[in-house]
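Thank you all for making time this morning. I would like to walk through one model with you, going from the overall layout to a single helix contact and then to the cysteines.

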Amino acid sequence: AGIEPGDLNPSAIAAMAERGIDIAGARTRSVFDVYKAGELFEFVITVCDRKAAERCPIVPGVVKREQWSFEDPASFVGSEKERLACTRAVREEIEAKVREWCGSIAASG
């Protein structure tokens, strides 16, 4: 979910497909729509880049919040090949951070 629903980034679709994850049919949703639907979360991790961090939403009722800053693939410029390379780098950063976070959750019991 994001602040504002939009179109999926073609570079993100391609980068995830390289890992065998098909997000092409996914739809974006507003984080506020998720909240209004009554979905409850123990953790909320926002991934706004530093430039947009002040716009990251606060989700009421969440026990644990984290903010991870990654560059927004929508902001990448250059050729399609160059944008895809930058998106791959962000994918790798996110994967490493998720693995680290999952390890810390498992260790804390």
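When I speak of helices and strands here, I mean DSSP runs, with at least four residues for a helix and at least two for a strand, numbered from the N terminus. Please keep in mind throughout that this is a predicted model. On that basis, the protein chain has three helices and two strands, and, read from the N terminus, these elements follow the order α-α-β-β-α. Of the 109 residues in the chain, 21% count as buried. If we take the contacts in the chain with a separation of 6 or more, 45% of them are accounted for by residues 24 or more positions apart.

Let me turn to the packing of helix 1 against helix 3. Helix 1 covers residues 10–17, and its axis comes within 9 Å of the axis of helix 3, the two crossing at roughly 60°. An angle that is neither under 35 degrees nor over 145, and that also falls outside 65 to 115, counts as oblique, and helix 1 and helix 3 are therefore oblique to each other. The crossing of these two helices is right-handed. On the helix 1 side, the contact is made by Ser 11, Ala 12, Ala 14, Ala 15 and Met 16, while helix 3 contributes Arg 83, Leu 84, Thr 87, Arg 88 and Arg 91. Sorted by character, the residues of this contact are five nonpolar, two polar and three charged.

Two residues of helix 3 deserve a separate look, and I will begin with Arg 91, which is found in that helix. Is Arg 91 buried or exposed? Its relative accessible area is 13%, and because buried means under 20%, Arg 91 is buried. Leaving aside residues up to four places away in sequence, Arg 91 touches Ala 15, Met 16, Glu 18 and Arg 19.

The other residue is Lys 81, which lies in helix 3, residues 80–108. Lys 81 has a relative accessible area of 71%, and it counts as exposed because that value is over 50%. Lys 81 and Ser 11 are 70 residues apart in sequence, yet their C-alpha atoms are 8.9 Å apart in space.

Finally, the cysteines. How many disulfides does a search of the whole structure find? The search finds zero. Cys 86 is partly exposed, with a relative accessible area of 33%, and Cys 102, at 41% relative accessibility, also counts as partly exposed.

How values were computed:
Residues numbered from 1 in each chain as written. Predicted model: local features only at pLDDT ≥ 70, side-chain atom pairs only at ≥ 80, totals over all residues. Heavy atoms only, no water. Buried < 20%, exposed > 50% of the residue type's maximum accessible area, 1.4 Å probe, protein only. Axes fitted to C-alpha atoms, helices over the stretch in contact; angles between N-to-C directions. Left-handed = near helix turned anticlockwise from the far one by under 90°. Contact = heavy atoms within 4.5 Å. Nonpolar A, V, L, I, M, F, W, Y, C, P; charged D, E, K, R; others polar. Disulfide = S-S within 2.5 Å.
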